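Work through the exercises below with the structure in view. Each task is followed by its solution.

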Amino acid sequence: MESRYNPASIEQQWQQTWAEQGVDLTPEDSSKPKYYALSMFPYPSGSLHMGHVRNYTITDVLARVRRMQGYRVLHPMGWDAFGLPAENAAIDRGIHPAKWTEQNIAQMRTELKRLGLSYDWNREVATCLPAYYKWTQWIFLQFFQAGLAYQKESAVNWDPIDQTVLANEQVDNDGKSWRSGAKVERKLLRQWFFKITDYAEQLLNDLDKLPGWPERVKLMQANWIGKSTGAYLEFPIVASDEKIAVFTTRPDTVHGVTYIVLAPEHPLTQVVTTPDRKAAVEAFVKEIASQSELERTAEDKPKRGIPTGGKAINPFTGDEIPIWIADYVLYEYGTGAVMGVPAHDVRDFKFAKEQGLAIVQVIAPAGAVEGRSQEAEGRGVEAEGTPLTQAYTEPGVLINSGTFDGLPSVEAKTAIVHHAEQNSFGKARIQYRLRDWLISRQRYWGAPIPIIHCPSCGAVAVPDADLPVQLPENIELSGRGASPLAKLESWINVPCPTCGTPAKRETDTMDTFIDSSWYFLRYPDATDDQQVFDPVKTNDWMPVDQYVGGIEHAILHLLYSRFFTKVLRDRGLLNFDEPFQRLLTQGMVQGKTYKNSRTGKYVIATEIADLTHPTDPETGDALELVYEKMSKSKYNGVAPGDVIGKYGADTARMFILFKAPPEKDLEWDEADVEGQFRFLNRVWRLVTEFGERSATSDQQSNANSNLSKIEKELRRSIHTAIAAITDDLEGEYQFNTAVSELMKLSNALTEAACKDSPVYADGIRALLILLAPFAPHIAESLWHELGHTDSIHAQSWLTADPAALVADEITLVIQILGKTRGTLQVPSQSSKEDLERYARESDVARKYIGEKEIKKVIVVPGKLVNFVVG
């Protein structure tokens, strides 16, 4: 046996052995309980970062433990491989996106294997391969056939230089294109959508079925769905048959509506604009079109608007009220119009004050209503004739509201909605903040939408037999102008599958969120080329028992995955409602960062002369040392490969688990990495020394032999570790305290004075089995060095013996007048009377009490005896 721990020599050896033996392959034996462990699959950027290492190590520990606990485990890995970064890289490097992606996948797969992750690589998927996106297209057609996929005109971000649509994340905070630098415009284009709003209520209600999810994630999803209960109301336009529809959660304030605001891009804007206002309105609409949605809705941005000259009628009062357009109203949200109630809405109040619009108070505090004069009842008079200094947004009693005066505002909501329904100008409605999902992209590197546009038949689904609609390779990527697919006539022009008429393919590709919204359903049957998946296999393995990923995916990815699951359930493919039973959102990995707080620039540590008093080498400014998320731009990243090369994968795994609880941010510290390396070295020495002794020892383990006090104490330490670590790997995961327990057990074995005892041998065995999920290579190597021929990862997980946890003796604290004076070893099962007797008879009592009178004795069973003396 090697006397020195050399991770480089053992890790590669065992990784190769495990691969040859297929120890991580998914078992087919359905007699065992199943456990599906899944990390969110990565985008193949070319190299792993420490966030990946943390995510995947957490899931790997759980997968390994569950295997040892007798579960059949599915633990797969794949690649979220379509998307804009690959297309950009291809443009910059002059290579095809597929080649760039394949290179990155190969590199990252190698790095993942170096970590010793127990993946079933036979189930690997990549979303950019035709074998996968064939079924992405098939699922799209399921949505299409169910009426959940449709086209409509929608406002999009348009780059006027590159002549292409941009996603919101491609527009910076100044409203400029990430690539061309052009000011982005808002433009109406025909786009594909998924009708996720049809499932809004289910997606909201079924959050209650997810007790294993963090509450903050469920709250984020609920807020994103944004259910509101209120009223749909219609305001007739003066001198027109058209009406302006609004949704409001405050129908109790309708008598206080003094203006209507339309989104500048609302179709009715042109209808209501008077000739004298046409030029001003067109100029304003054009100006607003250049702003991103983020700019228009920013809370700290002044709200801008202009009158259209048109008027609407408040159907509750008969009053004519002005119609405005404003930047803060978006056509895609709600009805694209809002009613202005400045007396009872903070934003409306500020807007009305700035624009000189009328403010009519229609709700007052209950006590302020009594004794109102007749003069104060007139329209346009603010409460008691006193101008409001701010919007009143609390509940109260209705005033200036005709027949509804005197009603409590909460009751008035129902009464006013009922009145609107009876008079056909409104109705009760539930509305959601959630909008239908825009899924089409004018890019090349994505799954083509499998639709053919026929002049006779309209939008026609590509027949299943013709799937996949493959991406053509003979394209030219420039990053400018229309999608490369839209320029490829030989690919676009096809006959209609229904009538044979010359038709054209859809040239948009799908949002990459589509690919990741169902990948977890493919893993149970990853190589099936006849169907999207075998429902028997997928229903057997699903839902995922433990899903692990970053909090940044708390809304969109998780919401879309839940939506897909429910749609495919309704299509008869799945028999469950939710895809992920438990969710762990791990914290970020942060690195030491040197920042010039005056300039905001980051400085590379290697360029700083004195790290104890860091200064900017360019300016001489004192630098601030902070921990921030690892990033190339902050010069604070640590490459996993460098850590593995220096310390080994097991050390990297142990540090990443030990440093912080999994849901908290982790501060990278080289000293702590070295600490874990030293611990594994101690384990190596401890086991190798035991192996050398046991090789010449004739002693045999005899579980029934009478144990000495020292042996009993060691056995208790062993079973305490088993119980604590097992508990840390259930419920609220505490990998950091589990590693601490491993250290305690190692220390107990090191300090034990019974190294020839069978109990000590049991302790060495327990230490290796408990260590195996965390540091799989060193545990396997030491296990085999002790003479075992089977894998340590095939051993059964240990169960704590409750009897071993019970101490024969306890340490009794003896206090005099509340001050500790000494301790005493006594039998653990002693009664209160016995504890008092032991304490009275002790040397401590004789020394500190002597002949003094004992006035009172306080006994805390199992802990202390306190004497109150005169």
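**Exercise 1.** Find how strand β8 pairs with β16, and place both strands in their sheet.

Solution. In this predicted model, β8 covers residues 227-236 and pairs with β16 in the antiparallel sense over 7 bridges. One point to check along the pair is T229, which stands opposite I430 in β16. Next, read the sheet: it is open, has 3 strands in the order β9-β8-β16, and its pairing is antiparallel. β9 (243-248) and β16 (426-432) each have a single partner strand and stand at the edges, so one side of each lacks a neighbour in the sheet. On average, neighbouring strands here are turned by 35 degrees against each other, direction ignored. Last, add helix α12 (residues 409-422), which lies across β8 and β16 and runs at about 120 degrees to β16.

**Exercise 2.** Describe the hairpin formed by β11 and β12.

Solution. Start with the strands: β11 (residues 305-313) and β12 (residues 320-326) run antiparallel and are joined by 6 bridges. K311 stands opposite P322 in β12. Then look at the turn: 6 residues lie between the strands, and G318 there has a positive phi of about 80 degrees.

**Exercise 3.** Classify the packing of helix α2 against helix α19.

Solution. The axes of α2 (residues 50-68) and α19 (residues 649-658) are 9 Å apart and meet at an angle of about 90 degrees. Angles of 65 to 115 degrees count as roughly perpendicular, and α2 is therefore roughly perpendicular to α19. Among the residues making the contact are M50, I58 and V61 of α2 and I656 and L657 of α19. By class, the contact has 5 nonpolar, 1 polar and 4 charged residues.

Methods:
Residues are numbered from 1 along each chain as its sequence is written. This is a predicted model: local features need pLDDT of at least 70, side-chain atom pairs count only at pLDDT 80 or more; totals for chains, interfaces and linings use all residues. Side-chain values use heavy atoms; hydrogens and water are left out. Two strands pair if DSSP finds at least two bridges between them. Helices (H or I, at least four residues) and strands (E, at least two) are DSSP runs, numbered from the N terminus. Axes are lines fitted to C-alpha atoms, for helices over the stretch in contact, and angles run from 0 to 180 degrees between N-to-C directions. Contact means heavy atoms within 4.5 Å. Angles under 35 degrees count as roughly parallel, over 145 as roughly antiparallel, 65 to 115 as roughly perpendicular and the rest as oblique. Ala, Val, Leu, Ile, Met, Phe, Trp, Tyr, Cys and Pro count as nonpolar, Asp, Glu, Lys and Arg as charged, and the others, Gly among them, as polar.
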